[in-house]
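Colleague: Could you take me on a close look at the nonpolar core of this one? I'd like to hear what it is built from and how it sits in the whole.

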Amino acid sequence: MNDLPRLTSLAHGGGCGCKLAPSVLRELLADQPMAQAFPQLLVGTETSDDAAVWQVDDDTCVIATTDFFMPMVDDPRAFGRIAATNAISDIYAMGGRPIMALAILGMPIDKLAPSQIREILEGGREICHQAGIPVAGGHSIDAPEPIYGLAVVGLCHPSELRRNADARPGDALILTKGLGVGIYSAAIKKGALDEAGVAEMVASATTLNRIGADLAKRGDVHAITDVTGFGILGHGLEIARGAGLRLRLRLAELPLLSRAAELAEAGFVTGASTRNWAAYGAEVELPEGLAPWQRALLTDPQTSGGLLVACAPGAAGEVLDFIRGAGFPLAAVVGHAEQGGAGISVE
């Protein structure tokens, strides 16, 4: 196995850090026709939600999503597990439960051994098994860089659908996982993260966000999104824009992976973090004198990150306890939403 190439050495980026910058994505989609000519399409591209949603009847919505990226870790099975967890998360973030997945695979078959590719697929299958769904098929190509992910289909009752646009003034904001996955990934790429750090990152990134489907059954939970490649600021802005609200985040309350601040201060920051800030920084108000490494924590691209949950302020304590009890010990109340121009203020 020592003669086989490191997965991260074959990719120009890794994980959700591979995503196009938000500004580039908006430019590419600017001339696309609005999808709302289809009344059964409850969620399309208009509000930057996590998945598309089609209402079949009074009791059933179909949720569809796809997500794939290049490796941010060198262990093939861990890469497959992270990519699958990340893809399935979009279903949970809409309030749904997944029912099946299709594999998306692009591999440089002249550079990787068949055993490595099988390990990637097996890692994805393991996570799908944990989620209670089959990998029912897929598609593969010969590609210059390793790519893996899933297309996932889920279901929910219309009353349990949770959209960015449904956040309300006064809502408390809860983040379920620690930030810093992109920073850890940058350290891995440079061989600067020890085994314990890698294990911490993988454990976080392979924890299924199934709590989203449970939270959606609560009437006091109004909006949910998952925090991935655009960072806490970018995905917070998707809620802010969708609901026409201003989000206020408390920097000191944001949960972090144990070494995230230390590594960020040491300069382990991804290129995607810089692109994220360039794309949406004009919509964000930061505290005066904030250090560049602290800003990097806010723009850090998360791969298979946590959920950002907007809930009624009086229910925040109960919701937080529920989330922590479900296996998310770092979950924290990180701010609130209020009336005002769409954007984010960090305090």
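Modeller: Here is a walk through the core, with the overall picture first and a couple of single residues after it. Keep in mind that this is a predicted model.

The protein has eleven helices and 13 strands. Its radius of gyration is 19 Å, close to the 20 Å that the globule rule gives for 347 residues, so the protein is as compact as a globular protein of that length. The C-alpha trace spans about 55 × 50 × 45 Å along the principal axes. Of the 347 residues, 52% count as buried. If you take the contacts between residues at least 6 apart in sequence, 86% of them join residues at least 24 apart.

Now to the part you asked about. The largest nonpolar core has 53 residues, and the ones with the most contacts inside it are Val73, Phe79, Ile88, Tyr148, Leu150 and Val152. Several elements each supply at least two residues of this core: among the helices α2 (76-93), α3 (114-131), α4 (181-189), α5 (195-205) and α8 (260-265), and among the strands β3 (60-69), β4 (97-107) and β6 (147-156). Helix α2 gives the most, with nine residues. There is also a second, separate core of 28 residues, which includes Tyr280, Leu298, Leu308 and Ala310.

Zoom in on Val73 from the largest core. Leaving aside residues up to four places away in sequence, Val73 touches Leu7, Thr8, Ala78, Phe79, Ile82, Ile188, Met201 and Val202. One of those partners, Phe79, is itself on the list of residues with the most contacts inside the core.

Strand β6 deserves a look too, and Ala151 is found in it. Is Ala151 buried or partly exposed? With a relative accessible area of 22%, Ala151 is partly exposed, because buried would need a value under 20%. Not counting residues up to four places away, Ala151 touches Thr65, Thr66, Met100, Ala101, Leu102 and Ile104. The C-alpha atoms of Ala151 and Ala87 are separated by 7.1 Å, although these two are 64 residues apart along the chain.

For another single residue, try Ser273, which lies in helix α9 (residues 271-280). Ser273 has a relative accessible area of 3%, so it is buried. Beyond residues up to four places away in sequence, Ser273 touches Ala296, Thr299, Asp300 and Pro301.

Last, the outside: the protein exposes about 14100 Å², and carbon and sulfur atoms supply 56% of that. As for charge, there are 26 positive and 40 negative side chains, with the centres of the two sets 2 Å apart.

Conventions
Residues are numbered from 1 along each chain as its sequence is written. This is a predicted model: local features need pLDDT of at least 70, side-chain atom pairs count only at pLDDT 80 or more; totals for chains, interfaces and linings use all residues. Side-chain values use heavy atoms; hydrogens and water are left out. Helices (H or I, at least four residues) and strands (E, at least two) are DSSP runs, numbered from the N terminus. The radius of gyration is taken over C-alpha atoms; the globule rule is 2.2 Å times the number of residues to the power 0.38. Buried means under 20% relative accessible area, exposed over 50%, partly exposed in between (1.4 Å probe, protein chains only). Contact means heavy atoms within 4.5 Å. Accessible areas come from the Shrake-Rupley method with a 1.4 Å probe; for residues, only the protein chains shown count as cover. Lys and Arg count as positive and Asp and Glu as negative; His and the chain ends are not counted. The place of a charge is taken as NZ of Lys, CZ of Arg, CG of Asp or CD of Glu. A nonpolar core is a set of buried Ala, Val, Leu, Ile, Met, Phe, Trp, Tyr and Cys residues joined through side-chain atoms within 4.5 Å.
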